[in-house]
Amino acid sequence: MFGFVREPDGWSGRIGGQPVRLAHERGRLRAEGAVTQEALRLYFDLDRDLGPLYAHLEGDARLLPALEKYRGLRLIRQDPWEALACFILSSNNNVKRIRHIWRNLSSRLGGGGFPSAAAVARVHERTLRELGLGYRAPFLSRSAQFVAASPASLSHIRETAYGEARERVLAFPGIGPKVADCVLLYGFQKYEAFPVDVWILRVMRKLYFSGRRVSPERVRFFAAKRWGSHAGYLQQYLFHGVRTGIL
């Protein structure tokens with residue numbers, strides 16, 4: 001997702017390694033490029049029935065403004081390796097800089113698309129630092145080496161239940177609880193994952209804890225109990241709602 005660039009009439013980026021230009025017209029998604037309809041539907045999770053999610057949103061008056069504003073919001077299904085790598089890059093970073101690093105890695109190591117784990121593993125850590133990764137360079141290098149040597153490791157994460165999958169992702173260098181949940185949500189479709197950043201902590205305290213100071217872990221457990229397998233999807237409505245001031 002960090003590889004998409006905003007343009008006057010839409011967005012440009014890559015899906016499944018294929019360049020694509022996207023625009024939203026009259027409630028429909030328009031795509032130009034070699035990407036297939038099947039790849040588009042998979043990437044944007046367009047075949048998912050959002051009815052059960054809407055039932056949660058409609059059943060809670062505190063969340064109705066987010067549903068009214070963002071009805072139709074969906075989670076992308078990112079390539080697992082790219083999700084893992086990009087969220088390693090996101091540590092103590094901002095979106096503008098992450099996109100800059102993404103472009104550097106793609107142009108130098110990936111032929112325009114995000115490089116494979118094997119491609120990253122082949123280069124020296126010094127090269128990654130030169131591409132802007134800074135202290136994150138050894139984290140990405142070691143993760144790439146592990147995935148390149150054990151390609152099935154990512155499949156194992158997808159196949160295991162959320163709790164075990166989370167422990168496996170946390171074992172990668174440079175990954176903490178929030179980043180692990182982001183990786184699981186976007187890269188592995190573990191919809192129980194509920195990433196808690198400063199924005200989510202703020203809105204959850206406001207809506208569900210009467211403004212009291214609570215820990216990210218308590219918020220995560222609250223979300224798991226209240227929303228279960230819909231928690232990750234619902235997190236996106238909360239996130240956009242608080243960022244835009246409607247929640």
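**Entry 1: the residue after H11**

I started just after H11, where Gln-189 takes a positive phi of about 55°. The model is a predicted one, and I keep that in mind throughout. Gln-189 is not a glycine, yet its phi is near 55°. Most residues other than glycine have a negative phi. I noted the angle for that reason.

Where does Gln-189 sit? I found Gln-189 in the loop between helix H11 (177-187) and helix H12 (198-208). Is Gln-189 buried or exposed? Its relative accessibility is 12%, so I count Gln-189 as buried, the limit being under 20%.

Next I listed what Gln-189 touches, leaving out residues up to four places away in sequence. The list holds Ile-76, Arg-77, Gln-78, Arg-158 and Leu-184. Leu-184 is itself one of the buried residues of H11.

**Entry 2: a second positive phi**

I then looked at Asp-45. Its phi is also positive, near 55°, and Asp-45 is not a glycine either. Asp-45 belongs to the loop between helix H1 (37-43) and helix H2 (51-58). Its relative accessibility is 6%, so I count Asp-45 as buried. I now have two loop residues in my notes, Asp-45 and Gln-189.

**Entry 3: helix H11**

I went back to H11 itself. How many of its residues are buried? I get 9 of 11, so H11 is mostly covered. The buried ones are Val-179, Ala-180, Asp-181, Cys-182, Val-183, Leu-184, Leu-185, Tyr-186 and Gly-187. Asp-181 is on that list, a carboxylate among the covered residues.

What do they pack against? I traced contacts from the buried residues of H11 to H4, H9, helix H10 (162-170), helix H13 (216-227) and helix H14 (231-243).

**Entry 4: helix H4**

H4 was the next stop, since H11 packs against H4. H4 covers residues 80-89, and 10 of its 10 residues are buried. I wrote them down: Pro-80, Trp-81, Glu-82, Ala-83, Leu-84, Ala-85, Cys-86, Phe-87, Ile-88 and Leu-89. Glu-82 is among them.

Their packing partners are helix H5 (95-109), helix H6 (117-121), helix H8 (137-149), helix H9 (152-159) and H11. H9 and H11 are thus partners of H4, and H4 and H9 are partners of H11.

I also checked the start of H4. A side-chain oxygen of Asp-79 comes to within 3.2 Å of the backbone nitrogen of Trp-81.

**Entry 5: spot checks on H6, H8 and H9**

I picked a residue in each of three helices that pack against H4.

Ala-119 has its place in helix H6. Its relative accessible area is 9%, and Ala-119 is buried. I took the C-alpha separation from Ala-119 to Arg-108, 11 residues away along the chain, and got 10.0 Å.

Arg-142 lies in helix H8. At 46% relative accessibility, I count Arg-142 as partly exposed. From Arg-142 to Arg-166 the C-alpha distance is 18 Å, with their positions 24 residues apart in sequence.

Ser-155 is in helix H9. Ser-155 is partly exposed, its relative accessible area being 38%. Pro-80 is 75 residues from Ser-155 in sequence, but their C-alpha atoms are 8.9 Å apart. Pro-80 is one of the buried residues of H4.

**Entry 6: the chain as a whole**

Last, I stepped back to the totals. I count 14 helices and 4 strands in the protein chain. The radius of gyration is 18 Å, close to the 18 Å of the globule rule for 247 residues, so the chain is as compact as a globular protein of that length. Along the principal axes, the C-alpha atoms fill a box of roughly 50 × 40 × 30 Å.

How much of the chain is buried? Buried residues make up 49% of the 247. The accessible surface comes to about 12,500 Å², with 52% of it belonging to carbon and sulfur atoms.

I checked contact range too. Of the contacts between residues at least 6 apart in sequence, 58% join residues at least 24 apart.

Charges closed the page. I count 38 positive and 22 negative side chains, and the centres of the two sets are 6 Å apart.

Key. Residues are numbered from 1 along each chain as its sequence is written. This is a predicted model: local features need pLDDT of at least 70, side-chain atom pairs count only at pLDDT 80 or more; totals for chains, interfaces and linings use all residues. Side-chain values use heavy atoms; hydrogens and water are left out. The radius of gyration is taken over C-alpha atoms; the globule rule is 2.2 Å times the number of residues to the power 0.38. Buried means under 20% relative accessible area, exposed over 50%, partly exposed in between (1.4 Å probe, protein chains only). Contact means heavy atoms within 4.5 Å. Accessible areas come from the Shrake-Rupley method with a 1.4 Å probe; for residues, only the protein chains shown count as cover. The place of a charge is taken as NZ of Lys, CZ of Arg, CG of Asp or CD of Glu. A polar contact is a pair of N or O atoms within 3.5 Å; within protein, one must be able to donate a hydrogen and the other to accept it, and residues adjacent in sequence count only if both atoms are side-chain atoms.
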